[in-house]
Amino acid sequence: MNSLRLCLYSAFTRLVIKPWVARVQNPAEARQAFENHAKRMHVHPAFADYRNGAIADVPVTWVSRGAIKREDVLLYIHGGGFIVGSPDTHKHMVAEIAGDLGIQAVMPRYRLAPEHPFPAGFDDVVATYEGLIGRGLRADQIILGGDSAGGNLVLALLAHLSDSKADLPQSAFVLSPVVDMSGGFDSLKSNAKSEVLLSSDRFDELGTMYLGDQDRKQPYASPFYAKFERCPPILLHHSDGEMLRDDTLEMQSKLVSQGHDVLVRSWPNAFHVFQIMTGHFPEARAAINDIVAFIKARRSPNDS
């Protein structure tokens with residue numbers, strides 16, 4: 001049974017935020033609203049530290065919490081439908097994860113659509129990853145993470161690394177990713193009513209803003225269609241009632257069929273990327289704990 005706090009927040013999201021998401025038209029207005037919501041509602045952990053910088057000309061925010069005990073780095077890609085969001089809207093959650101792992105995280109402020117359509121954001125993510133390698137990090141010292149559209153970009157980056165025969169990162173986790181921009185999975189419609197936050201009626205519009213008239217099934221825009229001949233261990237989270245449920249399940253099926261190490265966690269009656277509300281209800285904290293445990297379990301046995 002879900003906590004009372006999660007139930008109350010889900011009800012508020014359905015009654016107040018979802019109708020606004022369904023009608024807002026101006027990307028700049030949507031961005032500012034998300035930033036304001038983050039400032040009002042997100043809980044920052046004690047001793048969190050945020051520093052702005054740049055990697056390969058991409059603006060980034062470095063995130064840590066407490067003592068840094070390892071050289072590993074978490075490269076986290078924020079969500080927001082490719083339209084909204086920034087490191088500032090997600091850094092509190094990333095600080096929780098990085099602190100529990102005793103490492104630093106870095107979050108690129110990648111370019112957003114519609115002003116910068118695909119592949120601009122993807123290119124920024126690739127450049128950030130390559131910039132970390134250029135700074136002397138080994139691929140197996142990098143952990144990838146992302147949510148929603150950021151999960152799409154993480155999977156697209158993994159597909160790119162596989163295709164280019166590059167060394168793969170240590171592990172990855174993605175929270176409720178969108179993996180098919182053509183909208184081909186059943187839950188987009190079947191979960192339209194149970195979806196607490198997003199509007200399925202606007203999915204095609206989102207695709208147009210991100211891709212214009214480009215092919216929506218090209219593999220780095222819709223990573224479900226990528227080859228993934230190689231893939232590091234990967235954790236996927238989703239809510240069973242969200243409209244992107246099948247994106248996670250179909251991605252899992254594809255990767256497992258190719259023999260990859262994939263773990264999926266389903267969170268009943270939670271909302272899309274509920275993990276971002278860590279500090280407000282226990283389910284979010286439990287999800288963070290699950291991410292941290294997965295990463296620790298996939299470290300090399302020889303890694304102290």
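**Figure 1. How do the axes of helices α2 and α3 cross, and within what distance do they come?** In this predicted model, the axes of α2 (residues 27–41) and α3 cross at roughly 30° and come within 9 Å. Where the helices meet, Phe34, Glu35 and Ala38 from α2 face Asp88, Thr89 and His90 from α3. That contact is a mixed bag: two nonpolar residues, two polar ones and two charged ones.

**Figure 2. A closer look at Ala38 in helix α2.** Ala38 is buried, with just 6% relative accessible area. Leaving out residues up to four places away in sequence, Ala38 touches Asp88 and Thr89. Take His90 as well: 52 residues separate Ala38 from His90 along the sequence, yet their C-alpha atoms sit 8.0 Å apart in space.

**Figure 3. The open sheet and its eight strands.** Reading across, the order is β1-β2-β4-β3-β5-β6-β7-β8, and the pairing is mixed. The edges belong to β1 (48–55) and β8 (262–267); each has a single partner strand, so one side of each has no neighbour in the sheet. On average, neighbouring strands are turned by 20° against each other, direction ignored.

**Figure 4. The hairpin made by β1 and β2.** These two strands pair antiparallel, with eight bridges between them. Asp49 has Ser64 in β2 as its bridge partner. Two residues lie between the strands, and in the turn Ala56 has a positive phi of about 50°. Asp49 also takes part in a salt bridge, its side chain meeting that of Arg51 at 3.1 Å, N to O. Arg51 is partly exposed at 35% relative accessibility, and Asp49 is partly exposed too, at 32%.

**Figure 5. Strands β3 and β5, with helices packed on the sheet.** Strand β3 (residues 73–77) runs parallel to β5 (residues 142–147), and five bridges join them. One of the residues to look for is Leu75, whose bridge partner in β5 is Leu144. Helix α5 (residues 149–163) packs on the sheet and touches β3, β5, β6 and β7, its direction making about 140° with that of β5. Helix α3 (residues 87–101) lies across β1, β2, β3, β4, β5 and β6, and runs at about 40° to β2.

**Figure 6. Salt bridges that tie together separate parts of the chain.** Lys165 and Glu229 meet through their side chains at 3.4 Å, N to O. Lys165 is in the loop between α5 and β6, while Glu229 is in the loop between α7 and β7, so this pair links parts 64 residues apart in sequence. Both Lys165 and Glu229 are exposed. Another salt bridge joins Arg265 and Asp290, at 3.0 Å, N to O. With Arg265 in strand β8 and Asp290 in helix α9, this pair ties together parts 25 residues apart in sequence. Arg265 is partly exposed at 35% relative accessibility, whereas Asp290 is buried at 12%. There is a network to find as well, linking Arg65, Glu96, Asp100 and Arg285 by salt bridges.

**Figure 7. Arg299, in the segment after α9.** Arg299 is buried but has no salt bridge. Asp72 is the nearest side chain of opposite charge, 4.2 Å away; the cut-off for a salt bridge is 4 Å. Setting aside neighbours within four places in sequence, Arg299 is in contact with Arg70, Asp72, Leu101, Ile103 and Gln170.

Definitions and conventions:
Residues numbered from 1 in each chain as written. Predicted model: local features only at pLDDT ≥ 70, side-chain atom pairs only at ≥ 80, totals over all residues. Heavy atoms only, no water. Pairing = 2+ DSSP bridges. Helix = DSSP H or I, 4+ residues; strand = E, 2+ residues; numbered from the N terminus. Axes fitted to C-alpha atoms, helices over the stretch in contact; angles between N-to-C directions. Contact = heavy atoms within 4.5 Å. Nonpolar A, V, L, I, M, F, W, Y, C, P; charged D, E, K, R; others polar. Buried < 20%, exposed > 50% of the residue type's maximum accessible area, 1.4 Å probe, protein only. Lys, Arg positive; Asp, Glu negative; His and termini not counted.
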